[in-house]
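Here are some short exercises to work through with the structure open beside you. Try each task before you read its solution.

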Amino acid sequence: KALFDNKIILFYTILFFSTIGVIYSLILPNIYQSKALLVPSNPSNESGIIQNYGNLASLAGIDLPSETNQNNYKQAIEKLTSLSFFENYILPNIYLPDLMAFDSWDSKQNLLKYKTKIFEISSNAWAKDPLSGEEIIPTAQESFDVFLINHLSLDVDEDTGFVTVKIKHQSPYIAQKWTKLLIDQINIFYRKKDKRKAERASNYLKSLLVTNNLSEIKETTAMLLMQETQKLTLIEANEFYVFEFIDPPAVMEKKSKPNRAFICILFAFLGGMIGSIYIFNMHFISHRSKRTML
């Protein structure tokens, strides 16, 4: 009855909040999400190497690691969200204003706009400190925080081992570019790492061949050297060293957010709740005042 008697107040409260919701939803920029579905690759037959030559390697005084690529896969998931990887492999390969000074994307002309208070595109210069006069260039840690919080998300399916890497950005082209960059660079990182290991192992085995005169150890060393050489060949030849694509990243045509209809409904519901609380509160105060007077 209280709501019905004050339906005009309720109506205008809902209308007011709905209007705010519409305006707010229209102000929010479109965000596009590019994602890649990945599976661990198996570039080398290391398990076979370890099985066949593990005992022989022990005789030669060599310790073979267990399933390097599997370890790489587990480490790579953590490495993707690490500061060191971002600083050394991602930051040098992206245009920093796209991360730290981006304002909007014109979809019709595919034009990128930047916040002039932070970065001036015409002079390609960052804003200057009024006291020192030096450019305020975002640090690697500041950039990493923005990248990790606002743009990157990582999902791992424990049952299948599939990894989904997602990048959100106002420009769908940048989102797709950064997603591919992440996968390319993580593969490059572990390819280089394992190549250095294999090269060191090869050099050590070559020195053993020269210095050791025992025929059994020489034979074992020669076999291990052949395997390291094969491993080096596979490392060089395999583009997708740790991860390979099941579904590569694409330039998305549809935005992932904001959900403007949901925002408008949420604000209308909020308006209805606030209006109802106000009406019930006034109704309660009015009745309490009447009882006091009586």
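**Exercise 1.** In this predicted model, decide whether Phe284 is buried, partly exposed or exposed, then find the surface patch that includes Phe284.

*Solution.*
- Start with the accessibility: Phe284 has a relative accessible area of 46%.
- Next, apply the cut-offs: buried means under 20% and exposed means over 50%, with partly exposed in between.
- Phe284 is therefore partly exposed.
- Now look at its partners: Phe284 joins Ile9, Tyr278, Met282 and Ile285 in a nonpolar surface patch of about 450 Å².
- Finally, place the residue: Phe284 lies in helix H10. This helix, residues 260-293, gives the most to the nonpolar patch, with 4 residues.

**Exercise 2.** Work out which residues gather with Lys192 in a patch of positive charge, and classify the accessibility of Lys192.

*Solution.*
- Begin with the patch: Lys192 gathers on the surface with Arg196, Lys197 and Arg200.
- Then locate Lys192 in helix H8, which covers residues 172-211.
- Last, take the accessibility: Lys192 counts as partly exposed because its relative accessibility is 44%.

**Exercise 3.** Describe how strands E6 and E7 pair, and inspect the turn of their hairpin.

*Solution.*
- Trace the strands: E6 covers residues 152-156 and E7 covers residues 163-169.
- Check the direction: they pair in the antiparallel sense, over 5 bridges.
- Pick out one facing pair: Leu152 stands opposite Ile167 in E7.
- Follow the chain between the strands: the hairpin has 6 residues there, and Gly161 in the turn shows a positive phi of about 85°.

**Exercise 4.** Analyse the hairpin of E2 and E3 in the same way, and say what stands out about the phi of Asn110.

*Solution.*
- Strand E2 (residues 102-106) and strand E3 (residues 111-114) run antiparallel, joined by 4 bridges.
- Phe102 has Tyr114 in E3 as its bridge partner.
- Between the two strands are 4 residues, and Asn110 is found in this loop.
- Most residues other than glycine have a negative phi. Asn110 is not a glycine, yet its phi is positive, at about 55°.
- With 38% relative accessibility, Asn110 counts as partly exposed.

**Exercise 5.** Locate the loop that holds Asn124 and the loop that holds Pro258, and describe the backbone at each residue.

*Solution.*
- Asn124 sits in the loop between strand E4 (119-120) and strand E5 (125-126). Its phi is positive, near 55°.
- Pro258 is in the loop between strand E8 (243-247) and H10.
- Most peptide bonds are trans. The bond from Lys257 to Pro258 is cis, with omega near 5°.

Conventions
Residues numbered from 1 in each chain as written. Predicted model: local features only at pLDDT ≥ 70, side-chain atom pairs only at ≥ 80, totals over all residues. Heavy atoms only, no water. Patch = residues over 30% accessible without salt bridge, like charges linked within 9 Å, V, L, I, M, F, W, Y side chains within 5 Å. Areas by Shrake-Rupley, 256 points an atom, 1.4 Å probe, with all protein chains shown as cover. Salt bridge = Lys/Arg side-chain N within 4 Å of Asp/Glu carboxyl O. Lys, Arg positive; Asp, Glu negative; His and termini not counted. Charge placed at Lys NZ, Arg CZ, Asp CG, Glu CD. Buried < 20%, exposed > 50% of the residue type's maximum accessible area, 1.4 Å probe, protein only. Pairing = 2+ DSSP bridges.
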